[in-house]
Amino acid sequence: MGARTGTAEEQNHTNGRPTAYDDHYAVASLVEGGTSGVDSAGWIVRDVLTGS
């Protein structure tokens, strides 16, 4: 399993965009107007990969 987080800053807000993968799947998430990648969208990627 591996992961990478990212934060894209726009004029008036930031977007969180983490990605992660395991042996079978790759998942990417984008939350517009979020905080950092892991804080705003990391749980989405985690839940998809763990089936939560």
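**Exercise 1. The whole chain**

What share of the contacts in the chain with a separation of 6 or more comes from residues 24 or more positions apart? Then describe the chain as a whole.

*Solution.*
- Step 1. The model is predicted.
- Step 2. Residues 24 or more positions apart account for 21% of the contacts with a separation of 6 or more.
- Step 3. Count the elements. The chain has 1 helix and 6 strands. Along the sequence they follow the pattern β-β-β-β-β-β-α.
- Step 4. Take the dimensions. The C-alpha trace spans about 35 × 15 × 10 Å along its principal axes.
- Step 5. Turn to the surface. The chain exposes about 3,800 Å², and carbon and sulfur atoms supply 49% of that area. Of its 52 residues, 29% count as buried.

**Exercise 2. The sheet with strands 1, 4 and 5**

Work out the strand order and find the edges of the sheet that contains strand 1.

*Solution.*
- Step 1. The order is 1-4-5, in an open sheet with antiparallel pairing.
- Step 2. Strand 1 (2–4) and strand 5 (26–28) each have a single partner strand, so one side of each lacks a neighbour in the sheet.
- Step 3. From one strand to the next, the twist averages 10 degrees.
- Step 4. Check one pairing. Strand 1 and strand 4 (residues 19–21) run antiparallel and are joined by 3 bridges. Within strand 4, Tyr-21 is the bridge partner of Gly-2.

**Exercise 3. Tyr-21**

Is Tyr-21 buried, partly exposed or exposed? List its contacts beyond four places in sequence.

*Solution.*
- Step 1. Place the residue. Tyr-21 belongs to strand 4.
- Step 2. Its relative accessibility is 47%, so Tyr-21 counts as partly exposed. The cut-offs are under 20% for buried and over 50% for exposed.
- Step 3. Beyond four places in sequence, Tyr-21 touches Met-1, Gly-2, Ala-26 and Leu-49. Gly-2 is also its bridge partner.
- Step 4. Compare sequence with space. Tyr-21 and Val-45 are 24 residues apart in sequence, with their C-alpha atoms 9.0 Å apart.

**Exercise 4. The sheet with strands 2, 3 and 6, and Asn-15**

Find the order of the sheet that contains strand 3. Then describe the surroundings of Asn-15.

*Solution.*
- Step 1. This open sheet of 3 strands has the order 2-3-6, and its pairing is antiparallel.
- Step 2. Its edge strands are strand 2 (7–9) and strand 6 (31–32), each pairing on one side only.
- Step 3. Strand 3 (residues 14–16) pairs with strand 6 over 2 bridges, in the antiparallel sense.
- Step 4. Asn-15 sits in strand 3. Opposite it in strand 6 stands Glu-32.
- Step 5. Asn-15 has 5% relative accessibility, so it counts as buried.
- Step 6. Look for side-chain polar contacts. Asn-15 makes one of 2.7 Å with Glu-10 and one of 3.3 Å with His-13.
- Step 7. Add the contacts beyond four places in sequence. Among them are Gly-6, Thr-7 and Ala-8, as well as Leu-30, Val-31 and Glu-32.

**Exercise 5. Ser-29 and the salt bridge**

Where does Ser-29 lie, and is it buried or exposed? How many salt bridges does a search of the whole structure find?

*Solution.*
- Step 1. Ser-29 lies in the loop between strand 5 and strand 6.
- Step 2. At 10% relative accessibility, this loop residue counts as buried.
- Step 3. Beyond four places in sequence, Ser-29 contacts Gly-16, Arg-17, Pro-18, Ala-41, Ile-44 and Val-45.
- Step 4. The search finds 1 salt bridge. Arg-46 forms a salt bridge with Asp-47, and their closest N and O atoms are 3.1 Å apart.

Key
Residues numbered from 1 in each chain as written. Predicted model: local features only at pLDDT ≥ 70, side-chain atom pairs only at ≥ 80, totals over all residues. Heavy atoms only, no water. Pairing = 2+ DSSP bridges. Helix = DSSP H or I, 4+ residues; strand = E, 2+ residues; numbered from the N terminus. Axes fitted to C-alpha atoms, helices over the stretch in contact; angles between N-to-C directions. Buried < 20%, exposed > 50% of the residue type's maximum accessible area, 1.4 Å probe, protein only. Polar contact = N/O pair within 3.5 Å; in protein donor to acceptor, adjacent residues only side chain to side chain. Contact = heavy atoms within 4.5 Å. Salt bridge = Lys/Arg side-chain N within 4 Å of Asp/Glu carboxyl O. Areas by Shrake-Rupley, 256 points an atom, 1.4 Å probe, with all protein chains shown as cover.
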